[in-house]
Amino acid sequence: RGDWPALLTGFMATLCGVGLSRFAYTALLPQVVHAGWFTGEQAAYIGAANLLGYLLGALMAAPLADRWSGTRLLQLSWLAVAISVAAECVAQPMAVFFFWRCVAGVAGGVLMVLGPSMAMAATPVARRAILGPMMFSGIGFGALLSATLVPMLATHSLTAVWLCLALVCLATAWAGSAAMARLQPPAASAPISPSASSSASHSASATPTAALPVTQASVWTAAV
C-alpha cells in the first residue's frame with residue numbers, strides 16, 4: 001500500500017511523457033497524411049521534432065531540477081504535454097505543428113527522466129528492483145492506449161482524436177500530481193545499539209580504511 005504514491009508518480013510520468021506524447025503521433029501519422037494536413041515527408045520531419053524535443057528535455061531535466069522544485073517542474077511538464085497535444089487538434093502550418101511537437105518532446109523528456117527518478121528516490125532500496133520496471137511499463141501502456149484510441153476516434157475526426165488524447169494527458173497529470181503529493185522519503189535505518197556501535201568503532205580502529213568522500217546528490221539522482 002505504501003508503494004502506490006511512488007509507483008503512480010513514475011507510471012503516470014512515463015505514460016504521459018513517452019506513451020502518449022511520443023507514440024500517439026506514431027499511430028496518428030497515417031491519418032494526418034490521409035487527411036491532407038501534411039505530406040509524408042513533412043509528417044516525418046514533424047516526428048523528428050518530437051525526438052529533438054526529447055533530446056533537449058532529457059539534457060535539461062537535471063539542471064532544471066537542481067534549480068527549481070522537482071514537483072513544480074513535473075506538474076508543468078504534464079501540463080505542457082496536454083496543451084501541446086490539444087494545440088495540434090486543427091490543421092496548421094508545418095512550422096507551428098513542428099513547434100508543438102517539439103514542446104511535447106521537451107516536456108516528455110523531462111517527465112521520462114525526472115518522474116521515475118523522484119519516485120525511486122522515495123522508494124526503499126529493497127523495493128526499487130520491483131517497482132522500477134512497473135513504473136516504466138507506463139510507456140507500453142500509453143502506446144497500447146494510443147493504438148486503441150486513435151483508430152476508434154479517427155472515424156469521427158482528427159480533432160476528436162487530439163482532444164481526447166489531451167484529456168487523457170490531463171488525467172495523467174491529475175493522478176500523477178496527487179500521487180506525487182503523497183511521496184514520502186524512505187524510512188530511516190534502525191538505530192544502532194550502543195554495544196554494536198562500540199564494537200564497530202573498535203573494529204574500525206583496528207583495521208584502518210580509506211575515508212570515503214560524502215557528496216550530496218540532487219533529488220533526481222537520489223535513486224541512482
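Here a biologist and a modeller talk through a predicted model of one protein chain.

Biologist: Let's start with the overall build. How many helices and how many strands are in the chain?

Modeller: Reading along the sequence, you meet the pattern α-α-α-α-α-α-α-α. The count for the chain is 8 helices and 0 strands.

Biologist: What share of the residues in the chain is buried?

Modeller: A residue is called buried when its relative accessible area is under 20%. The chain has 224 residues, and the buried share of them is 42%.

Biologist: And the outside? How much of the accessible surface belongs to carbon and sulfur atoms?

Modeller: The accessible surface of the chain comes to about 11,800 Å². Of that surface, the part belonging to carbon and sulfur atoms is 70%.

Biologist: What percentage of contacts between residues at least 6 apart in sequence join residues at least 24 apart?

Modeller: A contact here means heavy atoms within 4.5 Å. Take the contacts in the chain between residues at least 6 apart in sequence; the share that joins residues at least 24 apart is 83%.

Biologist: Let's pick one helix, α4. What length does it reach from its first C-alpha to its last?

Modeller: Helix α4 covers residues 70-87, which makes 18 residues. At 1.5 Å a residue, 26 Å is expected. The helix comes close to that, reaching 25 Å.

Biologist: Which residue has a side-chain oxygen at the start of α4 that reaches the backbone nitrogen of T71?

Modeller: Look at the start of the helix, where a side-chain oxygen comes to within 3.3 Å of the backbone nitrogen of T71. That oxygen belongs to S69.

Biologist: Which helices help to cover the buried residues of α4?

Modeller: The buried residues of α4 include L73, W78 and V81, and G70 and V85 are also among them. What covers the buried residues includes α1, α3, α5 and α7.

Biologist: Now S84, please. Is it buried or exposed?

Modeller: S84 sits in helix α4. Leaving aside neighbours within four places in sequence, S84 is in contact with W100, V103 and A104. Its relative accessibility is 0%, and because buried means under 20%, S84 counts as buried.

Biologist: S77 is in α4 too. What does S77 touch, not counting residues up to four places away in sequence?

Modeller: S77 has a relative accessible area of 5%, so it is buried. The C-alpha atom of S77 is 8.6 Å from that of A104, although the two are 27 residues apart along the chain. Not counting residues up to four places away, S77 touches A107, V110 and L111.

Biologist: On to charges. How many salt bridges are there?

Modeller: One joins D3 and R127, with the closest N and O atoms 2.6 Å apart. D3 is in the segment before α1 and R127 is in helix α6, so many residues lie along the chain from one to the other: they are 124 residues apart. Another joins the side chains of E88 and R101, at 3.2 Å from N to O. The count comes to 2 salt bridges.

Biologist: Where do E88 and R101 lie?

Modeller: Both E88 and R101 are buried. Their pair ties together parts that are 13 residues apart in sequence, because E88 lies in the loop between α4 and α5 and R101 in helix α5.

Biologist: How far apart in space are P124 and D3, C-alpha to C-alpha?

Modeller: P124 lies in the loop between α5 and α6, and at 33% relative accessibility it counts as partly exposed. Along the sequence, P124 and D3 are 121 residues apart. In space, C-alpha to C-alpha, they are separated by 9.1 Å.

Biologist: Last topic, the nonpolar surface patch. Which helix gives the most to the patch?

Modeller: The patch has an area of about 520 Å² and is made by L52, L55, L56, L59, M60 and F98. L52 is found in α3, and M60 has its place there as well. With 5 residues, the helix that gives the most is α3.

Biologist: Are L52 and M60 buried or partly exposed?

Modeller: Partly exposed lies between the cut-offs of 20% and 50% relative accessible area. L52 has a relative accessibility of 39%, and M60 has a relative accessible area of 36%. Each value falls in that range, so L52 and M60 both count as partly exposed.

Definitions and conventions
Residues are numbered from 1 along each chain as its sequence is written. This is a predicted model: local features need pLDDT of at least 70, side-chain atom pairs count only at pLDDT 80 or more; totals for chains, interfaces and linings use all residues. Side-chain values use heavy atoms; hydrogens and water are left out. Helices (H or I, at least four residues) and strands (E, at least two) are DSSP runs, numbered from the N terminus. The expected span of a helix is 1.5 Å times one less than its number of residues. Buried means under 20% relative accessible area, exposed over 50%, partly exposed in between (1.4 Å probe, protein chains only). A polar contact is a pair of N or O atoms within 3.5 Å; within protein, one must be able to donate a hydrogen and the other to accept it, and residues adjacent in sequence count only if both atoms are side-chain atoms. Patches are made of residues with over 30% relative accessible area and no salt bridge: like charges are joined within 9 Å, nonpolar side chains (Val, Leu, Ile, Met, Phe, Trp, Tyr) within 5 Å. Accessible areas come from the Shrake-Rupley method with a 1.4 Å probe; for residues, only the protein chains shown count as cover. A salt bridge is a side-chain nitrogen of Lys or Arg within 4 Å of a carboxyl oxygen of Asp or Glu.
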